[in-house]
Amino acid sequence: MSATYSISALASELAITTRTIRFYEEQGLLEPERRGQERIYHERDRSALILVLRAKRLGFSLNECQALLALCTQPAGDDAAGLGARMEGIVALRSKLAEQREAMEQLDQRLADAETKARDQLETLRVPRRGSRPDEQQMTLFRFDQPDG
């Protein structure tokens with residue numbers, strides 16, 4: 001028998017609110033079993049929710065999340081038109097991921113450059129100026145020429 005989850009257990013495990021889960025259910029992304037007022041989530045619901053949360057973090061729209069779920073969870077069928085449409089969807093989503101990956105790499109490089117520049121500037125602030133008299137040496141972070149007390 002597969003594992004089942006209450007809405008609160010699933011929310012707790014994934015560090016999200018129950019309202020978030022209900023929202024995705026209202027949008028048709030999740031279809032939990034119902035027993036009266038109680039929602040019973042199965043492993044497939046948990047996996048779908050994890051996939052949606054990852055896609056949302058990457059900037060996917062709800063429609064794109066629905067398409068992603070359909071591509072990853074629904075049977076492909078065995079006709080050429082259905083398989084062709086599925087392949088087009090996969091190619092489109094992979095293309096979007098490639099664009100996002102490129103944008104993230106560019107952003108990461110800019111951050112690395114900014115970090116290197118800031119470290120270099122910080123290091124120059126820590127080193128006393130050459131050729132200056134001891135009373136003119138400036139240490140912006142630490143002053144060693146002041147007596148204690």
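**Figure 1. Ala15, a residue in the loop between helix 1 and helix 2.** In this predicted model, the view centres on Ala15, which belongs to the loop that links helix 1 to helix 2. Take a look at the backbone here: phi of Ala15 is near 55 degrees, a positive value in a residue that is not glycine. As a reminder, most residues other than glycine have a negative phi. With a relative accessibility of 73%, Ala15 counts as exposed.

**Figure 2. The buried side of helix 2.** Which residues of helix 2 are buried? They are Ile21, Tyr24 and Glu25. These three cover an arc of only 105 degrees around the axis, so they sit on the same side of helix 2. It helps to recall that an α-helix has 3.6 residues a turn, so residues three or four places apart point the same way. The cover over the buried residues of helix 2 includes helix 1 (7–14) and helix 3 (43–57), along with helix 4 (62–73). Strand 2 (33–35) and strand 3 (38–42) are also among the elements that cover them. Just past the helix, have a look at Gly28, which follows helix 2 and has a positive phi, near 85 degrees.

**Figure 3. Glu25 and its polar contacts.** Glu25 is part of helix 2, which spans residues 18–26. Is Glu25 buried or exposed? Its relative accessible area is 16%, under the 20% limit, so Glu25 counts as buried. Which side chains make polar contacts with the side chain of Glu25? One is that of Arg34, at 3.1 Å. Another is that of Tyr41, at 3.2 Å. A further polar contact, of 2.6 Å, joins the side chains of Glu25 and Arg39. Leaving aside residues up to four places away in sequence, Glu25 touches Leu30, Pro32, Arg34, Arg39 and Tyr41.

**Figure 4. Arg39, seen from its place in strand 3.** Here we turn to the partner of Glu25 in the 2.6 Å polar contact between side chains. Arg39 lies in strand 3 and is buried, with a relative accessible area of 19%. That value is under 20%, so Arg39 falls in the buried class. What does Arg39 touch, not counting residues up to four places away in sequence? Its contacts include Tyr5, Ser6 and Ile7. Arg22 and Glu25 are also among them, as are Pro32, Glu33 and Arg34.

**Figure 5. Ser47 of helix 3 and Leu30.** Ser47 lies in helix 3. Its relative accessible area of 38% is between the 20% and 50% limits, so Ser47 is partly exposed. How far apart are the C-alpha atoms of Ser47 and Leu30? They are separated by 10.0 Å, while the two residues are 17 apart along the chain. Leu30 may be familiar from Figure 3, as one of the residues that Glu25 touches.

**Figure 6. A charge over a ring: Lys96 and Phe60.** This view shows the charged end of Lys96, which sits over the ring of Phe60 at 4.7 Å from the ring centre. If you like to look for aromatic pairs as well, a search of the whole structure finds one.

**Figure 7. The whole protein, to place the close-ups.** The protein has five helices and three strands, and from the N terminus on they run β-α-α-β-β-α-α-α. How many of its 149 residues count as buried? The share is 23%. The protein exposes about 11300 Å², and carbon and sulfur atoms supply 53% of that area. Among contacts between residues at least 6 apart in sequence, 42% join residues at least 24 apart.

Notes
Residues numbered from 1 in each chain as written. Predicted model: local features only at pLDDT ≥ 70, side-chain atom pairs only at ≥ 80, totals over all residues. Heavy atoms only, no water. Helix = DSSP H or I, 4+ residues; strand = E, 2+ residues; numbered from the N terminus. Buried < 20%, exposed > 50% of the residue type's maximum accessible area, 1.4 Å probe, protein only. Polar contact = N/O pair within 3.5 Å; in protein donor to acceptor, adjacent residues only side chain to side chain. Contact = heavy atoms within 4.5 Å. Areas by Shrake-Rupley, 256 points an atom, 1.4 Å probe, with all protein chains shown as cover. Phe/Tyr/Trp six-rings, centres within 6.5 Å; stacked < 30°, edge-to-face > 60°. Lys NZ or Arg CZ within 6 Å of the ring centre and 35° of its normal. Arc of directions from axis to C-beta.
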